[in-house]
Amino acid sequence: MRLISDRIQFPGRKTRQAAWIALSNLLSFCISLLLSAILSRHLSPVEYGTFRQILYVYNTLLIIFSLGLPKAYSYFLARIPIEEGRDTIRRLTLICLTLASVFSLVLYLGSGIIADALRNPALRNALRLFAIVPLTLMPVLGVESTLVVYKMTGKVLLYVVITRTLTVLTTTIPVLGGFGIDGALTGFTASSVVTCAAGLVWLSVPFRNVRSRKSSITIREIMHFSMPVLYSGIYGFIIGSASQFFISRYFGVEDFAVFANGYRELPFASMVIGAVSAILLPEFSNMAKKGKSGAEFLAMWENTVLKSSMVIYPLSLFFFIFAPEIINFLYGDGYARSVPLFRIVTIINLCRIVPYGPLLFAVGKGNLFANAHMVTAILIVTMETACVKLFPSVETIAAIASLCTVFCLAIMLKGVADTLGTTFIKVMPWYRMLKILAISIATASVSRLAVMGIGLNNAFVALLAGFTVFSILYITVANLAGTDYLSILKLRTR
């Protein structure tokens, strides 16, 4: 009988796995960005805003209908023998398919209600065209988590490249051919069918030449794990959708497009956090099962925090300072209003440098995670309702969303400190984090002044020159200050 943890022999392997996942996330983001860039240039603002509203509706409702099952793949597969993996995945897939059927019905039958709620009549027919997508994508939500658990992260990259590239091609080619938003939705739906077929094949890969047997994981255990995830998902749905709902309902489709392009957390930050989360959940789950001490959890936690900040902080500050060039390069002059929104959301990235969920769920503190999101959801809805009534402003909505999210992160950090038996002050390497932040601010500012001094007007050229200067300055100063970037390539705990 082989447990997944028995195959985790070399600590350096976790870094390589995280690197594969980060690369997969990077490529996924770049491909998605390419899709947004093409559609925003070849669809009218109203059509593009409608397309983004459809994705907004899908992604927010997915949080509820997925029932936290994507995390369940990582959590349970890491705890059972590989021989039980196929049957466990079969059970999870059947649950996903059942939930997806309900989701698709909600989109199709509720399209009119959703269109009225967002005050966009075009959503009615568009959502009906899109309604089959949950049935095709939800059964394969666990593909990447499964491959990560079984140390097949290289195959994650292949899966991401193939499926995301197909989505871009099938979505954009009809638009370039003049078929508008209907063509884009038809192409997107077609690609989701192929993605489903490919995902089901990928799910079987880890179990080739493995004698399968019935899983010891019961539906009750799955639901017991999933309920806190569901609750936090519902609250996360409110947190993530509230701002976009208020923008759509009270400001209009064009402002929604501006908000959707601008108020997006920095890609590199989400890539790092996503990669770290994918590795840490099965790792923490296995450590909890073995009864590891709080000191061992804390050592891995602090090591992860420091390495994440070494990547996220410098990139966040560069993106913040060069926001006008980034928005202009990606979306064109028509989305200049997205710049302040892009800068406001950076506040979140400076705080979200490590995923809190994997540790809290692994040690049975899922309710704490859910309660933090519940409080935040109430706070953000209350404040944004007051905003649209008293001082309506897209920028203020963005600021409220960012500050409430930071508040949620602070609550969870306190929960992590309590769980690990330490204090809020000692749970993070604050001094070294602040040093990295200070160096990032200084070198990014100097890079900006250098670009302004040269007088570069082309957005792409300015970005390229600025990033070159920034990279040289930052690495030089960081090394002089004693920041060991080679440690990122190692997986030692302090």
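**Exercise 1. Val-461 and its surroundings**

Task: Decide whether Val-461 in this predicted model is buried, partly exposed or exposed, and state which surface feature Val-461 belongs to.

Solution.
Step 1. The relative accessibility of Val-461 is 38%.
Step 2. Buried requires a value under 20% and exposed a value over 50%, with partly exposed in between.
Step 3. Because 38% falls in between, Val-461 counts as partly exposed.
Step 4. Val-461 is located in helix H22.
Step 5. On the surface, Val-461 joins Phe-329, Phe-460 and Leu-464 in a nonpolar patch. Together these residues have about 370 Å² of accessible area.
Step 6. The main contributor to the patch is helix H22, residues 459-480, which supplies 3 residues.

**Exercise 2. A threonine in a loop**

Task: Find where Thr-422 lies, classify Thr-422 as buried or exposed, and list the residues that Thr-422 touches beyond four places in sequence.

Solution.
Step 1. Thr-422 sits in the loop that runs between helix H20 (394-419) and helix H21 (430-454).
Step 2. Its relative accessibility is 16%. The limit for buried is under 20%, so Thr-422 counts as buried.
Step 3. Leaving out residues up to four places away in sequence, Thr-422 is in contact with Leu-298, Ala-417 and Val-427.
Step 4. One of these, Leu-298, is 124 residues from Thr-422 along the chain, yet the two C-alpha atoms are separated by 8.8 Å.

**Exercise 3. Salt bridges across the chain**

Task: State how many salt bridges the structure holds, then describe the one between Asp-255 and Arg-337 and the one between Glu-325 and Arg-448.

Solution.
Step 1. Side chains of opposite charge can pair when their charged atoms come close.
Step 2. There are 7 salt bridges in the structure.
Step 3. In the bridge of Asp-255 with Arg-337, the closest N and O atoms are 2.7 Å apart. This pair links distant parts of the chain, 82 residues apart: Asp-255 belongs to helix H12 (residues 253-262), and Arg-337 to the loop between helix H15 (323-331) and helix H16 (338-344).
Step 4. Asp-255 has a relative accessible area of 15% and is therefore buried. Arg-337, at 43%, counts as partly exposed.
Step 5. For Glu-325 and Arg-448, the closest N and O atoms are 2.5 Å apart. This pair also links distant parts of the chain, with Glu-325 in helix H15 and Arg-448 in helix H21, 123 residues apart.
Step 6. Glu-325 and Arg-448 are both buried.

**Exercise 4. A salt bridge within one helix**

Task: Locate the salt bridge of Asp-418 and Lys-414, and say how the two residues are placed in their helix.

Solution.
Step 1. The side chains of Asp-418 and Lys-414 form a salt bridge, with an N to O distance of 3.0 Å.
Step 2. Both residues are in helix H20, and their spacing of 4 residues is about one turn of the helix.
Step 3. Asp-418 has a relative accessible area of 46%, so this residue is partly exposed. Lys-414 is partly exposed too, at 40%.
Step 4. Elsewhere, Asp-87, Arg-90 and Arg-91 are joined into one network by salt bridges that share partners.

**Exercise 5. The whole chain**

Task: Describe the protein chain by its helices and strands, its buried share and its contacts.

Solution.
Step 1. The chain has 22 helices and 0 strands.
Step 2. It has 494 residues, of which 55% count as buried.
Step 3. Take the contacts between residues at least 6 apart in sequence: 83% of them join residues at least 24 apart.

Conventions
Residues are numbered from 1 along each chain as its sequence is written. This is a predicted model: local features need pLDDT of at least 70, side-chain atom pairs count only at pLDDT 80 or more; totals for chains, interfaces and linings use all residues. Side-chain values use heavy atoms; hydrogens and water are left out. Buried means under 20% relative accessible area, exposed over 50%, partly exposed in between (1.4 Å probe, protein chains only). Contact means heavy atoms within 4.5 Å. Patches are made of residues with over 30% relative accessible area and no salt bridge: like charges are joined within 9 Å, nonpolar side chains (Val, Leu, Ile, Met, Phe, Trp, Tyr) within 5 Å. Accessible areas come from the Shrake-Rupley method with a 1.4 Å probe; for residues, only the protein chains shown count as cover. A salt bridge is a side-chain nitrogen of Lys or Arg within 4 Å of a carboxyl oxygen of Asp or Glu.
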